[in-house]
Amino acid sequence: MSRVHVIAVIQAKPGRRAEVLEAFNANVPAVHAEDGCIEYGAAVDAEAGAIQTKYGEDTFVVVEKWASLDALRAHGASAHMAAYAAKVKDLLANRTIHVLTDA
């Protein structure tokens, strides 16, 4: 199987994005240490003018690359991801996860 790409769109409750990002960024080193993690990080809207459609002030996007679907599954089942999810569950308005493979 080819690499796995994940685009996770995380919408915080109004005015809570900074809190969610703080918890997210605190968890990043543990994710980077996981077997099969190629890339994992958060991104927010750039100021690119008319060439973009913004996600908005309360949203960030997590861009991930994994060596395999098994590595992604192990990531989702990890203790540090469960702890992160518990920490931010009351701060989130919506979460959409797209799992893709190389075309």
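# A guided tour, from strand β4 to the loop between β2 and β3

Begin by selecting leucine 100, which at 41% relative accessibility counts as partly exposed, because that value falls between the 20% limit for buried and the 50% limit for exposed. Keep in mind throughout that the model on your screen is predicted. Leucine 100 has its place in strand β4, and if you leave aside residues within four places in sequence, you will find leucine 100 in contact with Arg3, Val4, His5 and Ile7. To gain a sense of scale, add alanine 30 to the selection: alanine 30 and leucine 100 are 70 residues apart along the chain, and their C-alpha atoms are separated by 23 Å.

Next, show the whole of β4, residues 92-101, because the tour now turns to the largest pocket, to whose lining β1, β3, α2, α3 and β4 each supply at least two residues. The volume of the largest pocket is about 360 Å³. Select Glu64, His75, Met81, Arg95 and Ile97, which of the 19 lining residues lie nearest the centre of this pocket. What is the chemical character of the lining of the largest pocket? The residues of that lining divide into 14 nonpolar, two polar and three charged.

From the pocket, move to β3, where six of the eight residues are buried, so that the strand is mostly covered. Display β1 beside β3, and you will see two strands that run antiparallel and are joined by eight bridges. Within this pairing, isoleucine 10 stands opposite phenylalanine 60 in β3. Now add β2, which pairs with β3 in the antiparallel sense as well, over six bridges. Here the residues to pick are glycine 41 and valine 63, the latter in β3, which stand opposite each other.

With these strands in view, select the residues that have the most contacts inside the largest nonpolar core, namely Val20, Phe24, Tyr40, Phe60, Val62, Trp66 and Tyr84; the core as a whole has 22 residues. Two or more residues of this core come from each of β1 (4-12), α1 (17-32), β2 (37-43), β3 (59-66), α2 (69-76) and α3 (79-88). Which element gives the largest share of this core? That element is α1, from which six residues come. Centre the view on phenylalanine 24 and, leaving aside its neighbours within four places in sequence, look for its contacts with Tyr40, Gly41, Ala42, Phe60, Val62 and Tyr84.

The last part of the tour leads to the loop between β2 and β3, where lysine 54 is found. Is lysine 54 buried or partly exposed? At 43% relative accessibility, lysine 54 counts as partly exposed. Not counting residues up to four places away in sequence, lysine 54 touches Asp45, Ala46 and Glu47. Select isoleucine 10 again and you can compare positions: lysine 54 and isoleucine 10 are 44 residues apart in sequence and, C-alpha to C-alpha, 13 Å apart in space.

Finish with alanine 48, which is also found in the loop between β2 and β3 and which, at 35% relative accessibility, counts as partly exposed. Adding lysine 13 gives a last distance to check, since the C-alpha atoms of alanine 48 and lysine 13 are separated by 24 Å, with their positions 35 residues apart along the chain.

Terms used
Residues are numbered from 1 along each chain as its sequence is written. This is a predicted model: local features need pLDDT of at least 70, side-chain atom pairs count only at pLDDT 80 or more; totals for chains, interfaces and linings use all residues. Side-chain values use heavy atoms; hydrogens and water are left out. A nonpolar core is a set of buried Ala, Val, Leu, Ile, Met, Phe, Trp, Tyr and Cys residues joined through side-chain atoms within 4.5 Å. Buried means under 20% relative accessible area, exposed over 50%, partly exposed in between (1.4 Å probe, protein chains only). Helices (H or I, at least four residues) and strands (E, at least two) are DSSP runs, numbered from the N terminus. Contact means heavy atoms within 4.5 Å. On a 1 Å grid over the protein atoms alone, a cavity is a set of points where a 1.4 Å probe fits but cannot get out, and a pocket is an open set with protein on both sides within 12 Å along at least five of seven lines; lining residues have an atom within 4 Å of a point. Grid points are joined across faces, edges and corners, and a volume is the space filled by probe spheres set on the points. Ala, Val, Leu, Ile, Met, Phe, Trp, Tyr, Cys and Pro count as nonpolar, Asp, Glu, Lys and Arg as charged, and the others, Gly among them, as polar. Two strands pair if DSSP finds at least two bridges between them.
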